[in-house]
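Visitor: I would love a close look at one spot in this model, followed by a sense of what surrounds it. Could you take me there step by step?

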Amino acid sequence: KVQSLTFDSKKVEFHLPQGLKSKFKFQPGQYITIKKNFNNIDERRSYSICSSNNDPLAIGVKRVEDGLFSNYIFNELRPGMVLEVMSPNGRFVQKKETNFLMVAAGSGITPIISIISSTLRSNNSSRFTLVYGNKTTESIMFYKELGNLKDAFLGQLNIVHILSKQTQDVDLLNGRIDQDKMSLLISKKAIDLNVDGVFICGPGSMINTVSNVLFKEGFDKSKIYSEKFYF
């Protein structure tokens, strides 16, 4: 399946050959690498898995200007077509945490939603706070899916949407996920650092900023995990 999420992002769901299903069991937070030949050159791109570990393998793809793979997926990829895919990999995965703080920007939500949905469905004592930065509501990947998870697991998932190009009623929720924003969210008790682990996914600058704020707050470095996404 190829499903539109926003004007510039899509979800691609794979049907796996029966003989390969065991090789494609994944841990939430991992990624797959896709290989395709463009103009006689093999190109590879890695995309994080967005699905729960009980659902079919799927990835979230954000369109990149002049991007070979993302434009192919947007313009040409259709149900029934075949892609060459490597088995899942990556270490941005849950260990033994139960109480989480997740911080994501843009398409960095892709591995995060996999961890959230898989854990909520398997552990009824798990708790998540998600701080998610985007430009506008319309650009939020998996907006409906996140809302459905929040409704289905009442009290276990708190979502803080930060928007940089759309004004929200609460000023605290406007702007970007930078040092001042993180410090304010902590001081205003919008997020709680009494958690087992922090997972951060997005641009390197955001990862560094969030990590530095957490360090200053005395949070244990060994409990911070990050995955860098390029936009």
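Between which two elements is the loop where K189 has its place?

Guide: Happily! Please keep in mind that this is a predicted model. K189 sits in the loop that links α4 (179-187) to β10. Its backbone deserves a glance: phi is positive, about 65°, although K189 is not a glycine. The residue counts as exposed because its relative accessibility is 71%, and the cut-off for that class is over 50%.

There is a useful counterpart elsewhere in the chain. F142 is another residue other than glycine with a positive phi, in this case near 60°. F142 is also found in a loop, the one between β8 and α3. Its surroundings contrast with those of K189: F142 has a relative accessible area of 3%, and therefore it is buried.

F142 also leads us inward, as one of the residues in contact with I109. Let us turn to the core around that isoleucine. The largest nonpolar core has 29 residues, and the members that touch the most others are M102, I109, I112, I116 and L130. At least two residues each come from β7 (99-105), α2 (109-122), β8 (127-134), α3 (143-152), β9 (157-163) and β10 (197-202). Helix α2 gives the largest share, with six residues. Neighbours within four places in sequence aside, I109 is in contact with A104, L130, Y132, M141, F142 and L146. A second core lies apart from this one; it holds 24 residues, including I162, I186, V198 and F219. As background, nonpolar side chains in soluble globular proteins tend to be buried together.

Now for a helix in another part of the chain. Helix α1, residues 68-75, is mostly covered, with six of its eight residues buried. Those six are F69, S70, N71, Y72, I73 and F74. Among the elements that cover them are β2 (9-13), β3 (31-38), β4 and β5.

The last two of those strands bring us to one more loop. D55 has its place between β4 (41-48) and β5 (58-62). With a relative accessible area of 36%, D55 is classed as partly exposed. Its C-alpha lies 10.0 Å from that of S114, though 59 residues separate D55 and S114 in sequence.

Stepping back, here is the frame that holds these spots. The protein contains five helices and 11 strands. Its C-alpha atoms fill a box of roughly 55 × 35 × 30 Å along the principal axes. For 231 residues, a compact globule would have a radius of gyration near 17 Å, and the 18 Å of this protein agrees with that. Buried residues account for 51% of the 231. Of the contacts between residues at least 6 apart in sequence, 68% join residues at least 24 apart.

The outside can be summed up too. About 12300 Å² is exposed, and carbon and sulfur atoms supply 45% of that area. The protein has 30 positive and 22 negative charges, whose mean positions are 4 Å apart. To finish where we began, K189 is an exposed residue, in the loop between α4 and β10.

How values were computed: Residues numbered from 1 in each chain as written. Predicted model: local features only at pLDDT ≥ 70, side-chain atom pairs only at ≥ 80, totals over all residues. Heavy atoms only, no water. Core = buried A, V, L, I, M, F, W, Y, C linked by side-chain atoms within 4.5 Å. Buried < 20%, exposed > 50% of the residue type's maximum accessible area, 1.4 Å probe, protein only. Helix = DSSP H or I, 4+ residues; strand = E, 2+ residues; numbered from the N terminus. Contact = heavy atoms within 4.5 Å. Rg over C-alpha atoms; globule rule 2.2 N^0.38 Å. Areas by Shrake-Rupley, 256 points an atom, 1.4 Å probe, with all protein chains shown as cover. Lys, Arg positive; Asp, Glu negative; His and termini not counted. Charge placed at Lys NZ, Arg CZ, Asp CG, Glu CD.
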